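Me: I've got a model open and I'd like to check the labels on it against their cut-offs. Can we go through them one by one?

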Amino acid sequence: MSVEFRVLPTPAALAEAAADRIVAAARNAIRRRGRCFLALSGGSAPRLVYPLLAASPRVDAVEWSRVSFFWGDDRAVPPDHAESNYGVARVMLLDHLPGLRFNDVHRMPADAPDLATAAAGYDRTIRRILTPLRIPDRPQLDLVWLGMGPDGHTASLFPGASTLD
């Protein structure tokens, strides 16, 4: 696998490139096997990208009824909270995608009272949906969108945190 780093001149250019990458990944997965499995991110970049995906020409370029959505992380807040990654995605993107079936939106239960149990349940949900389509015990998403915070964190994994061990 090769790794490519691209530096773009502005946040708007980054948003355009990210939206195009998401559309290409979705179209490719749907063409290959009829479905796309996509994990969304949180942070500031999605707030720039979601409106691009929800508008022409990109919104018309994907069969959204064939896309399943997941999350790489979320804040431990209710889905209607301003910091909920799911909530932002719902308002800015998901509510605007034609043909999207909400049983294909798999929200991380980040507002559950017992987050460890909720995380284990979310893991089971992902495995139940993806494992029959892939190598057993190795569910794979078509695209996992990870942002990076100014302190270098991604998917709520912070530099120096014990969770990285």
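What follows is a back-and-forth about salt bridges and one helix in this predicted model.

Me: What makes the pair arginine 58 and aspartate 20 a salt bridge?

Reply: The N to O distance between the two side chains is 2.8 Å, and the cut-off is within 4 Å for a Lys or Arg nitrogen and an Asp or Glu carboxyl oxygen, so the pair qualifies. The two residues sit 38 residues apart, with arginine 58 in the loop between helix H2 and strand S2 and aspartate 20 in helix H1. Aspartate 20 also belongs to a network of salt bridges with Glu16 and Arg58.

Me: Why is arginine 58 called buried or exposed?

Reply: Buried, because its relative accessible area is 12% and buried means under 20%. Its partner aspartate 20 comes out at 41%, which falls between 20% and the 50% mark for exposed, so aspartate 20 is partly exposed.

Me: How do you know that arginine 33 and aspartate 142 form a salt bridge?

Reply: Their closest N and O atoms are 2.5 Å apart, and that is within 4 Å, so the label holds. This pair links distant parts of the chain, 109 residues apart: arginine 33 is in helix H1, while aspartate 142 is in the loop between helix H4 and strand S3.

Me: Why does aspartate 142 count as partly exposed?

Reply: Its relative accessible area is 21%, and buried would need a value under 20%, so aspartate 142 misses that label. Arginine 33, at 27%, is partly exposed too.

Me: What makes the buried residues of H4 one face of the helix?

Reply: Those residues are Ala118, Gly121, Tyr122, Ile126, Ile129 and Leu130. Looking down the axis, they fall within an arc of 155°, so they line one face. The general background is that an α-helix has 3.6 residues a turn, so residues three or four places apart point the same way. Turned away from the buried side of H4 are the exposed residues Ala116, Arg124 and Arg128. Strand S1 and S2 are among what covers the buried residues.

Me: How do you know that the span of H4 is close to the expected one?

Reply: H4 has 16 residues and reaches 22 Å from its first C-alpha to its last, against 22 Å expected at 1.5 Å a residue.

Me: And what caps the N-terminal end of H4?

Reply: Aspartate 114 does, with a side-chain oxygen 3.2 Å from the backbone nitrogen of alanine 116. The limit for a polar contact is 3.5 Å, so that distance passes.

Methods. Residues are numbered from 1 along each chain as its sequence is written. This is a predicted model: local features need pLDDT of at least 70, side-chain atom pairs count only at pLDDT 80 or more; totals for chains, interfaces and linings use all residues. Side-chain values use heavy atoms; hydrogens and water are left out. Helices (H or I, at least four residues) and strands (E, at least two) are DSSP runs, numbered from the N terminus. Buried means under 20% relative accessible area, exposed over 50%, partly exposed in between (1.4 Å probe, protein chains only). The expected span of a helix is 1.5 Å times one less than its number of residues. The arc is that of the directions from the helix axis to the C-beta atoms. Contact means heavy atoms within 4.5 Å. A polar contact is a pair of N or O atoms within 3.5 Å; within protein, one must be able to donate a hydrogen and the other to accept it, and residues adjacent in sequence count only if both atoms are side-chain atoms.
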